[in-house]
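Got a fold on the bench and want to know what the labels really rest on? Here's a quick back-and-forth, one label at a time.

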Amino acid sequence: MEQALDRASLGDFLRARREALQPEDVGLRRGTRRRARGLRREEAAELCDMSADYFARLERGSGPQPSQRMAAAIARGLGLTPDEREHLFLLCGHRTPQRLPRSEHVDPGLMRILDRLQDTPAQIMGPLGETLLQTPPAVALLGEQTHYTGDARSAAYRWFTDPAARERYLPDDHELSSRVNVVLLRAASTKEGPGSQASRLVANLLRLSTEFASLWDRQEVGLRWSRARRFVHPEVGRIDLFCQNLQDPGQSQSLLILTATPGTESHDKLALLNVLGADGFPTG
């Protein structure tokens, strides 16, 4: 059921959230001549994937009713919490806003860190291996991973059903990767219980992949990724990196940060790959 758009309250809320965000929160330089409190309208509009004029009209209380999709873009761009997101939806006139699963609404704290890592391969992951956000260097290294739908959004699902999912990982590491993916899915399905998305994913993989079914029967638990990750890129070859994993407070999302040891061949290759990716080099 829909309710009336509250233009005045929506404008006040957007203005308050924009002014509460500091340039440093989204990876911008403050500069010496900045007078605006928080972000400028055009900066907030860019974060929300809309024109500065449209954002200004919403703030002034004279804009059209944002769709649920547009409201979601605003919530993501301004780094709203789940409660703030629901409040925004109601102000936009959507009485029953679509509640995103807790893995879908990116934690604002992780997003602020990611905004500061635009020159580093980094990505925010959901509990079932869903890639929610990637930096440009992560796309250059691993390919675009945020466009998948359905079960294919899970990296574990793609690992066992799509041979292309393994192409950028060193073959010597494939067996361990398979085992870790199974262990992580077992932990998620046990935690979430029967009927959960994780349990449904397990059931589908048991039906589709004999490798997954064989590893599932081992009943392994507690296996974790190594911090050392070895990749094989189609253009620059092998790259050895270290992976740091930061968890959000709710433990439902994680931020993966990949770095190379300075002075190594992998460090030079990663720098080259980032430059090529920024120049529009085909990395997907």
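Q: Where does Leu 256 sit?
A: You'll find Leu 256 in strand S5. Keep in mind that this is a predicted model.

Q: Why is Leu 256 called buried?
A: Its relative accessibility is 16%, and buried means under 20%, so Leu 256 counts as buried.

Q: What does Leu 256 touch, leaving out residues up to four places away in sequence?
A: With heavy atoms within 4.5 Å as the test, Leu 256 touches Pro 121, Ala 122, Gln 123, Met 125, Cys 243, Gln 244 and Asn 245. As for Ala 138, 118 residues apart from Leu 256 along the chain, the two C-alpha atoms are separated by 9.8 Å.

Q: What makes S1 and S5 a pair?
A: Pairing takes at least two bridges, and four bridges join S1 (residues 122-125) to S5 (residues 254-259), so they pair by that definition. The two run antiparallel. One of the links is Met 125, whose bridge partner in S5 is Ser 254.

Q: How do you know that S1 pairs with S2?
A: Use that cut-off of at least two bridges again: three bridges join S1 to S2 (residues 131-134), and the strands run antiparallel. Gln 123 stands opposite Gln 134 in S2. The hairpin of S1 and S2 has five residues between the strands, and there Gly 129 takes a positive phi near 80 degrees.

Q: What makes both faces of S1 count as covered?
A: Look at each side in turn. Ala 122 and Ile 124 are buried on one side, and Gln 123 and Met 125 are buried on the other.

Q: How do you know which side of H1 is the buried one?
A: Start with the list: Leu 10, Gly 11, Phe 13, Leu 14, Arg 17 and Arg 18 are the buried residues of H1. They cover an arc of only 165 degrees around the axis, so they lie on the same side of H1. A bit of background helps here: an α-helix has 3.6 residues a turn, so residues three or four places apart point the same way. What the buried residues of H1 pack against is helix H2 (41-47), helix H3 (52-60), helix H4 (68-77) and helix H5 (82-91).

Q: What makes the span of H10 close to the expected one?
A: H10 (residues 197-208) has twelve residues and reaches 16 Å from first C-alpha to last, and 16 Å is what you'd expect at 1.5 Å a residue. Its buried residues are Ala 198, Ser 199, Leu 201, Val 202, Asn 204 and Leu 205. Those pack against helix H8 (155-161), helix H9 (174-192) and helix H11 (210-216).

Q: Why do Cys 92 and Cys 243 both count as buried?
A: The bar is under 20%. Cys 92 comes in at 0% relative accessibility, so Cys 92 is buried; Cys 243 is at 6%, so Cys 243 is buried too.

Q: How many disulfides turn up in the whole structure?
A: Zero. To qualify, a pair of cysteine sulfur atoms would have to be within 2.5 Å, and a search of the whole structure finds no such pair.

Q: How confident is the predictor, going by pLDDT?
A: The mean pLDDT of the protein chain is 86, with 88% of residues at 70 or more. Over residues 98-102, though, pLDDT stays under 50.

Note on methods: Residues are numbered from 1 along each chain as its sequence is written. This is a predicted model: local features need pLDDT of at least 70, side-chain atom pairs count only at pLDDT 80 or more; totals for chains, interfaces and linings use all residues. Side-chain values use heavy atoms; hydrogens and water are left out. Buried means under 20% relative accessible area, exposed over 50%, partly exposed in between (1.4 Å probe, protein chains only). The arc is that of the directions from the helix axis to the C-beta atoms. pLDDT is the predictor's confidence in each residue, from 0 to 100. The expected span of a helix is 1.5 Å times one less than its number of residues.
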